[in-house]
Structure formats: structure tokens, C-alpha cells
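Notebook open, structure loaded. I want to go through exposure, charged pairs and pockets, in that order.

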Amino acid sequence: MSDKEVKILASVMDFTLKSFTKGERIISEGEQNDEVFVVLSGGATGERNMSDGRTFIVNELTAGGVFGDVLSGSSALSPVDIVATEACTTLSFKLSNILTACERCGEAKQKLLRNFILAISDKYFALNRRVRLLEKKSVRGKISLYLMDIYNKKKERR
């Protein structure tokens with residue numbers, strides 16, 4: 001998005017800047033969330049707490065990373081904790097702000113909505129690739145699937 005489009009959106013949407021310290025929870029497991037977050041600086045991780053006390057890192061987020069996008073459009077509770085791994089600043093907004101019409105926004109809101117849907121779609125297909133990889137029982141099967149994915153990506157680029 002252009003700087004002009006971002007300024008238009010900032011003037012009509014209720015963006016919130018939030019700062020978090022290292023170790024601070026941004027979203028807690030089991031919590032309802034209706035906001036989308038963009039990491040502006042610093043970093044965070046998505047963590048799942050296991051029943052034996054271990055913590056499993058689901059995702060690492062750096063500047064430009066987006067989280068809460070899928071959760072904000074769902075009635076489900078957060079399945080993970082999002083924790084700042086260092087001093088972290090986020091920009092957040094409610095999903096409902098994207099979905100409401102706004103004459104002043106024009107194309108800017110449409111572009112934001114397209115980008116939002118694209119990000120969710122990309123996450124879906126990345127998850128689908130992980131599941132396909134986990135389905136393979138042998139290392140040979142996993143390597144074959146990985147190599148086929150690389151081959152198909154190169155084939156698509158031609």
C-alpha cells in the first residue's frame with residue numbers, strides 16, 4: 001500500500017499502537033480476540049503450552065508479521081499465547097473496521113481487505129503443506145514431497 005493510502009486509512013480506522021516488554025503476553029491462550037495485529041518492531045512468538053509443562057513454539061513473528069487475523073474473524077478462543085520475545089511495538093485494529101464501508105477510504109480499504117484475505121490464504125496453504133508433510137511416515141516420503149514442492153514452484157514460475 002502507498003503512504004497516501006495508509007494515511008487515509010489511519011484517518012478513518014481506529015488503529016492502536018501498543019508497546020510490549022520482553023516476556024509480556026500480547027494474547028493469552030483461551031482468550032477471545034477481535035483485533036488484527038501487525039508487528040512494527042521487535043518480535044514475538046506464538047506458543048502452545050503442553051500438558052507436561054513444555055512450551056512448543058508455533059510461530060515466530062518479526063517486523064511486518066501479522067497475527068490475530070484468522071482468530072479475529074472467528075468465535076473460537078485463542079489456541080496459543082502470543083508473547084513478546086523482545087521489546088515489541090504493534091499496530092492493531094478491529095476486523096470489523098475493515099469490513100464496514102467508508103466513502104472516504106475508496107480503494108485503500110479495498111486494497112487492505114485484499115491484502116488481509118491474501119495473508120489468510122497464504123497461511124492456509126502453508127498449514128496445508130505442513131500437514132501433507134506430517135502425513136508422510138518415512139523420511140524418504142517427506143524428502144520426496146519436499147523436492148516435488150520445489151519442482152512445482154519452479155515450474156509455475158516459467
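Exposure cut-offs go down before anything else: I call a residue buried under 20% relative accessible area, exposed over 50%, and partly exposed in between (1.4 Å probe, protein chains only). Note to self on the source: this is a predicted model, where local features need pLDDT of at least 70 and side-chain atom pairs count only at pLDDT 80 or more, while totals for chains, interfaces and linings use all residues. Residues are numbered from 1 along each chain as its sequence is written, and side-chain values use heavy atoms, with hydrogens and water left out.

**Entry 1: salt bridges**

I counted a salt bridge whenever a side-chain nitrogen of Lys or Arg sits within 4 Å of a carboxyl oxygen of Asp or Glu. How many salt bridges does the structure hold? I get four. The background is simple: side chains of opposite charge can pair when their charged atoms come close.

I looked up Arg-54 with Asp-52, whose side chains meet at 2.7 Å, N to O. Asp-52 counts as exposed at 52% relative accessibility, and Arg-54 is exposed at 52% too.

Next I pulled up Asp-81 and Arg-25, a salt bridge at 3.1 Å, N to O. Asp-81 is in strand 7 (residues 81-84) and Arg-25 in strand 2 (residues 25-27), so this pair ties together parts 56 residues apart in sequence. For strands and helices I use DSSP runs numbered from the N terminus: E, at least two residues, for strands, and H or I, at least four, for helices. Asp-81 is buried at 4% relative accessible area, whereas Arg-25 is partly exposed at 47%.

Lys-18 and Glu-35 also make a salt bridge, at 3.1 Å, N to O. Lys-18 belongs to strand 1 (residues 16-20) and Glu-35 to strand 3 (residues 35-41), so the link joins parts 17 residues apart in sequence. Lys-18 is partly exposed at 24%; Glu-35 is buried at 15%.

**Entry 2: Ser-92**

Glu-35 led me to Ser-92, since their side chains share a polar contact of 3.0 Å. My cut-off there is a pair of N or O atoms within 3.5 Å; within protein, one must be able to donate a hydrogen and the other to accept it, and residues adjacent in sequence count only if both atoms are side-chain atoms. Where is Ser-92? I found Ser-92 in strand 8 (residues 88-94). Buried or exposed? Ser-92 is buried, with a relative accessible area of 0%. Leaving out residues up to four places away in sequence, Ser-92 touches Lys-18 and Glu-35 among others, including Asp-14 and Phe-37; contact means heavy atoms within 4.5 Å.

**Entry 3: the largest pocket**

I put the volume of the largest pocket at about 970 Å³. The residues closest to its centre, out of 30 that line the pocket, are Val-58, Asn-59, Lys-123, Leu-127 and Arg-130. A pocket here is an open set of points on a 1 Å grid over the protein atoms alone, where a 1.4 Å probe fits, with protein on both sides within 12 Å along at least five of seven lines; lining residues have an atom within 4 Å of a point. Which element gives the most to the lining? Helix 4 does, with nine residues. The lining divides into 21 nonpolar, five polar and four charged residues.

**Entry 4: Arg-157**

Last lookup: Arg-157 is in helix 5 (residues 139-157) and is exposed at 67%. I get 36 Å between the C-alpha atoms of Arg-157 and Asn-97, which are 60 residues apart along the chain.

Terms used
Grid points are joined across faces, edges and corners, and a volume is the space filled by probe spheres set on the points. Ala, Val, Leu, Ile, Met, Phe, Trp, Tyr, Cys and Pro count as nonpolar, Asp, Glu, Lys and Arg as charged, and the others, Gly among them, as polar.
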